Amino acid sequence: MENFEIDSKRIDQIEKITLEEKNFRIKNLELFKTAGFPNKKFEDWKFTDFRGIVDNNFKKLDTEKVTYDFKNKELLKNFDHNYIILVNGSLHSNNFDYEEKNKIKISSHDNNINYKLSENPLICLNHALAENGYFLEVEENYKFKKTLVIYNFFTNNIKDKILNNKNKIKIKKNSELHVIEYTINESKFKFINNVYEDLTLEKNSKLKSLYIQSKKSEGFFHKYSKSKLYDNSDYVNLIFSSGLRFNKLDIESDLIGENCSCNILSALFLNKNEHQEIKTRINHLVPDCKSYQRIKKVLDTESKGVFQGKVYVKDVAQKTDAYQLSKALLLHDDAEFNSKPELEIYADDVKCSHGSTSGTIDEDSLYYLMTRGLSRKESTKLLIKGFLNDVVNFIKNPKIKEFVENKLEEQINAH
Amino acid sequence: MKQQELEKSKEYKYGFTTDIESVRAPKGLNEDVIKFISNIKKEPEWMLKWRLKAFNRLKNLKEPNWQKPKYPKIDYQDLYYYSAPKSASDKPKNLNEVDPKLIETYKKLGIPLEEQKRLSGIAVDAVFDSVSVATTFKDELTKKGIIFCPISEAIRNHPELVKKYLGSVIPLTDHYFATLNSAVFTDGSFVYIPEGVRCPMELSTYFRINASETGQFERTLIIADKGSYVSYLEGCTAPMRDENQLHAANVELIALDDAEIKYSTVQNWYPGDKDGVGGIYNFVTKRGACRGKNSKISWTQVETGSAITWKYPSCILQGDNSVGEFYSIAITNNHQKADTGTKMIHLGKNTKSKIISKGISAGYADNTYRGLVDINKKASNARNYTQCDSLLMGNKCGAHTVPYIKNKNYSSIVEHEATTSKINEEQLYYCNQRGLNQEEAIGLIVNGFCKEVLQQLPMEFAVEAQKLVGISLEGSVG
């Protein structure tokens with residue numbers, strides 16, 4: 001870590017923290033310093049040498065605050081929505097004009113101590129230094145009328161930085177929220193964004209989140225998302241984050257209440273030099289829960305896709321229904337797909353299965369389309385769309401679906 | 001009464017341990033012990049050097065610890081690395097001296113009386129031994145030019161072959177247990193099938209003279225020259241009792257152009273008692289190299305014994321169009337633990353591999369499938385199909401699947417699927433209704449579950465293995 005030196009003085013600069021929090025931060029910083037950036041020796045990073053990536057891409061790195069000049073940017077016009085604007089990770093403004101204001105609480109994220117120590121050095125780093133982000137609370141019995149878009153802006157002067165943010169969403173009983181996390185990166189430079197997300201879904205609540213970006217970006221993104229699901233709650237996570245230079249989503253879901261369901265769905269198209277990694281861990285801790293994972297990736301030249309999925313079923317979690325599928329389509333010789341779909345099961349009356357495939361476009365299908373008068377290129381595109389479409393079809397709102405389809409199309413056309 | 005029973009089991013357990021009279025290397029692992037082994041085996045200088053090289057390397061290695069089943073620390077200085085085969089006087093005199101449970105299992109498997117004696121280590125009548133099939137077979141093999149002998153004999157008589165191939169698939173420096181084996185292996189089998197020869201029978205350690213007591217560090221080397229074929233059987237369905245707790249064998253297979261090796265294992269070593277006390281640690285390194293074009297290596301294993309089974313029979317598919325196969329049944333009951341699977345490394349063009357793994361856990365057992373499929377950049381048109389199914393009986397046991405899949409070639413296709421479930425209640429009910437009791441019904445259903453693998457076993461094993469599947473699960477349902 002010659003390019004990244006950090007000491008506890010950085011923690012002193014963080015305002016308004018208790019001694020307890022300070023100690024927690026210092027402890028985590030020590031953990032990070034001992035471990036360094038993760039490399040392949042970490043089981044969770046089996047297929048990715050992040051330390052090597054950092055060394056190759058950054059001559060120096062720091063976590064100093066950035067001053068920025070943020071003027072109101074153009075927002076999405078495709079559909080009506082509420083919004084939160086984050087600039088370089090910190091809460092800038094919000095707008096809930098479509099909703100009952102007393103049902104929603106929003107603030108900058110504060111409390112940073114009630115977290116478990118982690119073996120992932122990047123999470124330690126986040127625990128040590130995170131100071132921005134938001135905390136959104138939805139009160140009981142409230143169903144959002146419109147989708148909430150979280151604009152994640154990165155200003156054009158972000159360079160050689162590690163931004164650590166912590167975001168928290170809590171949905172109380174019988175409430176429902178749909179979120180679109182929309183990343184807009186204006187920086188042409190390389191930087192690392194390291195996010196810790198904390199989600200709580202109380203009884204009978206619903207959360208649907210969708211993750212997408214505006215265009216190609218040089219940023220390196222790592223997000224650890226921890227969700228807790230109580231009785232009858234329903235969590236859907238849709239991932240369409242194509243176009244990022246490096247992106248790792250580490251999703252851990254604890255199914256704590258009976259009859260809850262957890263769905264992780266992803267359709268990605270990776271262009272040249274892009275790296276996308278999805279790691280999941282679904283902990284079935286009580287009976288009668290459902291989890292469903294469907295990850296689809298199309299990989300072009302020199303791109304790399306990784307899927308590490310784990311389903312853990314505790315001995316009491318009978319009648320669990322868990323499904324996990326990862327499929328990859330390799331379009332070029334230099335593309336690489338690695339997967340590790342894992343099952344760890346201690347209960348016998350369960351239905352657990354997983355599948356993982358990778359291969360190229362079927363020549364017979366191509367031939368069929370070409371006999372119908374399409375060019376080879378058009379046929380390929382059509383097959384790719386067909387391959388990714390079964391995930392896109394999970395989006396119910398037609399306007400949002402169209403928006404996502406267009407974004408995917410932009411990616412595919414760049415091929 | 002209970003006390004008596006205890007005495008009895010003790011008697012059996014220690015019935016095998018030799019007295020001080022037998023030739024034994026002193027306890028511990030050091031250069032002198034290695035020299036002692038090499039000397040007693042009358043090995044040439046180069047072999048001793050090879051062993052010492054491995055030993056030096058071992059000093060810098062650490063035991064791997066990533067596996068799922070954990071075990072108490074092994075004190076390598078507290079083990080005997082060599083002890084000569086026991087003399088007749090040490091062995092049980094007749095079947096009455098053998099553990100009645102063992103005899104019962106033999107009967108269930110349908111093993112003939114004479115074989116029962118042989119298996120339980122009774123000094124077999126010399127007449128029976130001399131007319132044994134083994135000798136007749138040996139003549140036939142010699143005629144075809146097949147070399148089938150203990151590896152220590154091969155080191156003396158066929159040094160050019162051993163030098164060329166030993167350690168070429170599992171390098172000296174591979175990992176802790178493999179390197180330990182390279183330093184201290186005592187014996188094992190050596191097979192060489194000459195060019196164009198199809199071995200007329202299944203070769204088995206069982207037929208090899210002096211095959212018993214190869215010790216805990218066995219080394220097997222099988223070379224199939226161009227266009228040849230051999231089927232090799234390891235172990236046997238009958239329960240094998242052994243006083244060595246640690247077994248770290250190395251098996252190397254080499255298939256040249258158009259050659260095929262079929263390697264079948266039935267492992268039924270002592271799994272420890274119902275509470276998980278005792279039992280063998282089976283830490284084996286098995287690896288085959290498909291060096292030549294169109295070559296094929298097929299591993300089939302039925303793992304029912306041992307307290308801990310930890311092995312990954314692998315194929316390195318170097319030759320173009322080569323094929324690797326892995327068929328496995330791992331049954332764990334009581335406190336047994338298995339962490340097994342395979343590695344298929346695709347290097348050549350048009351290489352194919354197929355993995356079928358069936359894991360069954362009952363009682364408090366843990367069963368893990370861990371495998372790697374690695375398609376290299378140059379392995380165009382490679383193809384892999386993996387299927388691992390697990391069956392759970394009870395909620396105290398565990399079934400895990402940990403596959404690693406790497407695909408770096410766009411023209412290749414990799415497929416993996418896995419399921420975990422319990423025995424279907426309806427099927428059980430149906431069997432019960434037809435007059436089968438619970439245990440028979442489970443035996444039948446499990447056999448059906450394992451069918452794809454059982455079919456791969458050679459005739460010699462197939463029938464007994466089916467019975468074994470049922471027997472291994474006895475008492476798992478209650």
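A residue is called buried here if 20 or more other C-beta atoms lie within 10 Å of its own, and exposed if 12 or fewer do, with partly exposed residues in between. With that in mind, we can walk through this structure, which is a predicted model, beginning with a helix of chain B.

In helix α2 of chain B, which spans residues 31-40, the buried residues include B:V33, B:I34, B:I37 and B:S38. Seen down the axis of α2(B), the buried residues fall within an arc of 135°, so they line one face of the helix. There is a general reason to expect such a pattern, because an α-helix has 3.6 residues a turn, so residues three or four places apart point the same way. The face of α2(B) that is turned away from the buried side carries the exposed residues B:D32 and B:N39, whereas the buried residues of this helix pack against two other helices of chain B, namely α3 (45-59) and α10 (176-184).

After α2(B) comes B:K42, a residue found in the loop that lies between α2 and α3 of chain B. The phi angle of B:K42 is near 50°, which is a positive value in a residue other than glycine. B:K42 counts as exposed, because only 12 or fewer neighbours are allowed for that label and B:K42 has 11 other C-beta atoms within 10 Å. Chain A offers another case in A:N259, which has a positive phi of about 60° although it is not a glycine. A:N259 sits in the loop between β12 (244-255) and β13 (261-270) of chain A, and it counts as partly exposed because it has 18 C-beta neighbours inside 10 Å.

Stepping back to chain B as a whole, we find 13 helices and 20 strands in its secondary structure. Of the 478 residues in chain B, buried residues make up 49%. If we consider the contacts in chain B between residues at least 6 apart in sequence, 84% of them join residues at least 24 apart.

Some of the strands of chain B lead us to the place where the two chains touch. Within chain B, the strands β18(B) and β20(B) run parallel and are joined by 10 bridges, and in this pairing B:L392 stands opposite B:K422 of β20(B). The contact between the chains takes 29 residues from chain B and 32 residues from chain A. On the side of chain B that touches chain A, the strands β18 (383-393), β19 (398-407) and β20 (413-422) each supply at least two residues. The residues on that side of chain B divide into 11 nonpolar, 12 polar and 6 charged. Strand pairing also reaches from one chain to the other, for strand β19 of chain A (residues 351-359) runs antiparallel to β20(B) and is joined to it by 7 bridges. Two pairs of residues show how these strands are matched: A:G355 has B:E417 as its bridge partner in β20(B), and A:S353 stands opposite B:T419.

Turning to chain A, we can follow strand β10 (residues 217-229), which is mostly covered, since 12 of its 13 residues are buried. Strand β8 of chain A (residues 192-201) pairs with β10(A) in the parallel sense over 10 bridges, and in that pairing A:D198 has A:K226 as its bridge partner. β10(A) is also joined to β12(A) by 11 bridges, and these two strands run parallel, with A:F220 standing opposite A:F246 in β12(A).

Chain A also shows how helices pack. Two packed helices are described by the angle between their axes and the distance between the axes. Helix α6 of chain A (residues 376-392) and helix α7 of chain A (residues 398-413) pack at an angle of about 145°, with their axes 11 Å apart. The contact is made by A:K381, A:I384, A:K385, A:L388 and A:V392 of α6(A), together with A:K401, A:V404, A:E405, A:L408 and A:I412 of α7(A). These contact residues divide into 6 nonpolar, no polar and 4 charged.

A last stop is A:L29, which lies in helix α2 of chain A (residues 19-35) and is buried, with 20 other C-beta atoms within 10 Å. Leaving aside its neighbours within four places in sequence, A:L29 is in contact with A:S8, A:I11 and A:A128. By contrast, the C-alpha atoms of A:L29 and A:H92, residues that are 63 apart along the chain, are separated by 27 Å.

Note on methods
Residues are numbered from 1 along each chain as its sequence is written. Chains are lettered from A and ligands numbered from 1 in the order in which they are written. This is a predicted model: local features need pLDDT of at least 70, side-chain atom pairs count only at pLDDT 80 or more; totals for chains, interfaces and linings use all residues. Two residues are in contact if their C-beta atoms, placed from the backbone, lie within 7 Å. Helices (H or I, at least four residues) and strands (E, at least two) are DSSP runs, numbered from the N terminus. Ala, Val, Leu, Ile, Met, Phe, Trp, Tyr, Cys and Pro count as nonpolar, Asp, Glu, Lys and Arg as charged, and the others, Gly among them, as polar. Two strands pair if DSSP finds at least two bridges between them. The arc is that of the directions from the helix axis to the C-beta atoms. Axes are lines fitted to C-alpha atoms, for helices over the stretch in contact, and angles run from 0 to 180 degrees between N-to-C directions.
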